[in-house]
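Please work through the exercises below with the sequence and the coordinates open beside you, and try each task before reading its solution.

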Amino acid sequence: MEDRIERRDQEWRKELRLKTKGRERTAIQRAEMPMMDPLERVHYQDREVNIGLDLNTAGQEATRCMDCVNPECVTGCPVNIDIPSFIKNIERGEILKAAGVLRETSALPAVCGRVCPQEKQCEAHCFYLNKLKKPAVAIGYLERFAADYEREHGVAEVPEIKKNGIKVAVIGSGPSSLSFAGSMIKKGYDVTVFEALHEIGGVLKYGIPEFRLPNNIVNSELENLKKLGVKFEKDFLVGRTSSFEDLKEEGYKGFFVASGAGLPSFMHIPGENFNGIMSSNEYLTRVNLMNAAKDEFDTPVFKGKRVVVVGGGNTAMDSVRTSKRLGADKSMIVYRRSMNEMPARLEEVKHAQDEGIEFNTLTNPVEYFADEKGHVSRVRVQKMELGKADASGRRRPVPIEGSEYDIDTDMVVVAVGVSPNPLVPSVLPNLKVSKRGTIEVNEETMQSSIPELFAGGDIVRGGATVILAMGDGRRAANGMDQYLTEKYGK
Amino acid sequence: MNEIIETGQFSEKVFKIVVSAPRIAKSRKPGHFIVLRTDENGERIPLTIADADVKQGTITLVVQKAGVSTTKLCNMKPGDKIADLVGPLGKATKIKKVGTILACGGGVGIAPLLPIVEGFKKVGNRVISVLAGRSKDLIILEDQIKKWSDEVVVMTDDGSYGHKGVVTVGAEEIIKREEINECIVIGPTVMMKFTALLTKKYNIPTQASLNTVMVDGTGMCGACRVSVGGKTRFTCIDGPEFDAHQVDFDELILRLGGYKEEEKRAYNAYLENQNK
Ligand SMILES: Cc1cc2nc3c(=O)[nH]c(=O)nc-3n(C[C@H](O)[C@H](O)[C@H](O)COP(=O)(O)OP(=O)(O)OC[C@H]3O[C@@H](n4cnc5c(N)ncnc54)[C@H](O)[C@@H]3O)c2cc1C
Ligand SMILES: Cc1cc2nc3c(=O)[nH]c(=O)nc-3n(C[C@H](O)[C@H](O)[C@H](O)COP(=O)(O)OP(=O)(O)OC[C@H]3O[C@@H](n4cnc5c(N)ncnc54)[C@H](O)[C@@H]3O)c2cc1C
Ligand code: SF4
Ligand code: SF4
Ligand code: FES
């Protein structure tokens, strides 16, 4: 906090504020994100839809920001990035400095700039939106711009780190773990990340498709971590390949568990196990992790022509847009609430609509039918209406009697949620978990009921966002550092 | 890591592969499996750990050539490295002293049966094994199974070895002859289905080890789901062994054929490439 106010008082910031009149700033239109044409992009699974702002547009967009005395945007960001400070650095052309501000709080700004639900977080609190009733400053676009610029132009410095020789193990390699590993290595620890799959990155690699988050962005962050000395062990399922006890014997003093919410939910309706019906995790894993859509890879994947995707979250959008890219004639969403309640990022819904995805809202599957080979051929759906608000604050969908009708289909993707990965709790009977199966932690330190074990990300939250997972990783690093320092000294 | 130390061949299509995997060798128990990817472009396939040597740090796989991935693997030589190998996965077999065990193995299923037979014998059970295959050269590991069984009955469809007939014929004779406390069956799905029907008739608790299609093998995708007692379960984390009397084998057989056309196409393309 202190920091932010001091920074705002720096001479250059004052000058910059005076340089352009408020009226001139507010007269500028919000920048539009240049993107690939919908008709063209639906042919490429691995080409990013959003192209990114250029230096000029970014500078102009940065000029819109009023450098507010009380920047509400910061309160909307789950990790409280000093938003005006990075934006003002862009305005004055110091892009690498802007990236530096982002790096203070976020381990993966190029990722968050792309996948944060900005319209619900930082941008939702922007002065423009709330006081001027104008489109918010494009904080996400600017964040992505600064991070991409740094990757392309910056020389990643490898700071001198004084090693303390204390070994810590990180379980899982999603955003929470990467953020934790980055913080701990800088504090001098000997950090090893264990990942069950054959690729590092968690959902960033196996879930979110390349048309939203190219792999090279994640890989370049991984390279940075490797340069700092973080070790990665893939194909290693902690709790199975080696137990926590084994790892302790090998000298590990602290454990950070960020094993994610990997277990896919199904609806348990008749016919759900027919062939051609799969979870979004299976579909996206086949395509993103196993490269199943490419001929030179061995893993097969159905290429449905009439694809039904059940759900309204990011996983549903990613699946339905993937199916279009793999050659479906018709790809549709079936979602039980209305467009307003969809949890997916607004931008993805818009992109999906531009790509010709059909939306069947207030509709819910009740039964599947198959052809003589056991392959799905039809889904029976029921119309819904919105009733009273439920625990989540959203209006509860209520089935309308007698409203069933059938949709022909040859492939169904079920994207109705996930639950916490049960493996770690199952091998640690002393670990306190909630009824939902999430690991219980002290919210400030992220320490669990087992003192040397800290946890964060989806395994604690039961399904959240990349930025929240990263914030947890950072906090856990501070918590564990304090714990280990007290225990073993500096 | 994952270096192939030794290979061998049991029959035309069944191969033995010994791989260096010290951590897995140490952690594995009977019933566990691994998932591997032969090379960067390969798919992830599940294979049971047939045996392990903790001192040498190796695990033994017994693999039947079925399609692209298993053929690639069976063609690998000592010194070659398997790109990725993770395990041990699944739940271990519940091994305890119950009295007399009837262990039925069919084809390549005899390999995963071996450590289980060994386990049951070591805790003091009487073990009777029935090994079945289409013909003589498909009966593998007979000597090793004998070492841990009180009796071994061999059945072949064509009568080229042992008794003529399918596994259930041999199994029923034993069930009629003496009291069986528990049965375990591993083999082709159809064989497990009929064995389950047989033991149900005699009310013998039966475990079957299911061979579903898998992707990650860690509970993340649901490709391996089966209906057990009317509930959807994931074979890789809830299994691979389930109460055979509760398994919906017909659904499982349909699901195993799910990618048949894609697999056939891939296999033909692979063979064509090999011949170039
Ligand atoms: C398709 C999809 C799209 C999404 N889109 C967005 C989006 O646009 N914006 C957004 O903010 N969020 C999005 N999310 C949510 C976001 O990705 C998650 O909240 C975030 O990735 C959680 O991070 P994590 O570090 O907790 O774990 P994960 O990213 O889930 O990674 C956990 C990793 O741990 C590994 N693991 C588990 N157990 C073990 C073990 N015992 N030993 C070793 N490794 C283990 C797993 O294999 C996995 O790789 C999306 C999620 C999905 C699935
Ligand atoms: C828990 C588990 C343990 C297993 N242990 C062994 C083992 O020890 N030794 C061994 O040889 N095989 C084992 N299998 C089967 C093995 O995984 C498959 O044979 C293999 O995945 C086939 O791959 P492929 O590319 O060679 O053939 P594909 O071209 O993929 O398939 C060829 C044929 O095999 C069938 N098939 C595909 N996948 C499977 C599968 N997972 N299980 C059974 N049939 C399948 C297909 O229907 C097709 O007809 C096991 C399977 C599971 C689930
Ligand atoms: S991390 Fe996300 S919420 Fe925070 S400023 Fe960046 S885009 Fe906004
Ligand atoms: S609230 Fe909006 S205008 Fe104010 S500092 Fe934040 S981004 Fe800039
Ligand atoms: S193989 Fe993916 S959940 Fe079992």
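**Exercise 1.** In this predicted model, does A:Tyr149 count as buried, partly exposed or exposed, and what is its relative accessibility?

*Solution.* The relative accessibility of A:Tyr149 is 24%. Because buried means under 20% and exposed means over 50%, A:Tyr149 counts as partly exposed.

**Exercise 2.** Describe how the rings of A:Phe145 and A:Tyr149 are arranged.

*Solution.* Begin with the count: the structure holds 8 aromatic pairs over all chains. In the pair formed by A:Phe145 and A:Tyr149, the ring centres are 6.1 Å apart and the planes stand at 45°, so the pair is tilted. Next, place the two residues in helix H11 (residues 139–153) of chain A, where they are 4 residues apart and therefore separated by about one helical turn. Finally, compare their surroundings: A:Phe145 is buried, with a relative accessible area of 8%, whereas A:Tyr149 is partly exposed.

**Exercise 3.** Characterise the environment of A:Thr322 and the polar partners of its side chain.

*Solution.* First locate A:Thr322 in helix H17 (residues 314–325) of chain A, and note that its relative accessible area is 0%, so the residue is buried. Then, leaving aside neighbours within four places in sequence, list its contacts, which are A:Gln45, A:Pro209, A:Phe211, A:Tyr283, A:Leu284 and A:Val287. Lastly, consider the side chain of A:Thr322, which makes a polar contact with the side chain of A:Gln45 at 3.4 Å and reaches the backbone oxygen of A:Asp318 at 2.7 Å.

Methods:
Residues numbered from 1 in each chain as written. Chains lettered and ligands numbered in written order. Predicted model: local features only at pLDDT ≥ 70, side-chain atom pairs only at ≥ 80, totals over all residues. Heavy atoms only, no water. Contact = heavy atoms within 4.5 Å. Polar contact = N/O pair within 3.5 Å; in protein donor to acceptor, adjacent residues only side chain to side chain. Phe/Tyr/Trp six-rings, centres within 6.5 Å; stacked < 30°, edge-to-face > 60°. Buried < 20%, exposed > 50% of the residue type's maximum accessible area, 1.4 Å probe, protein only.
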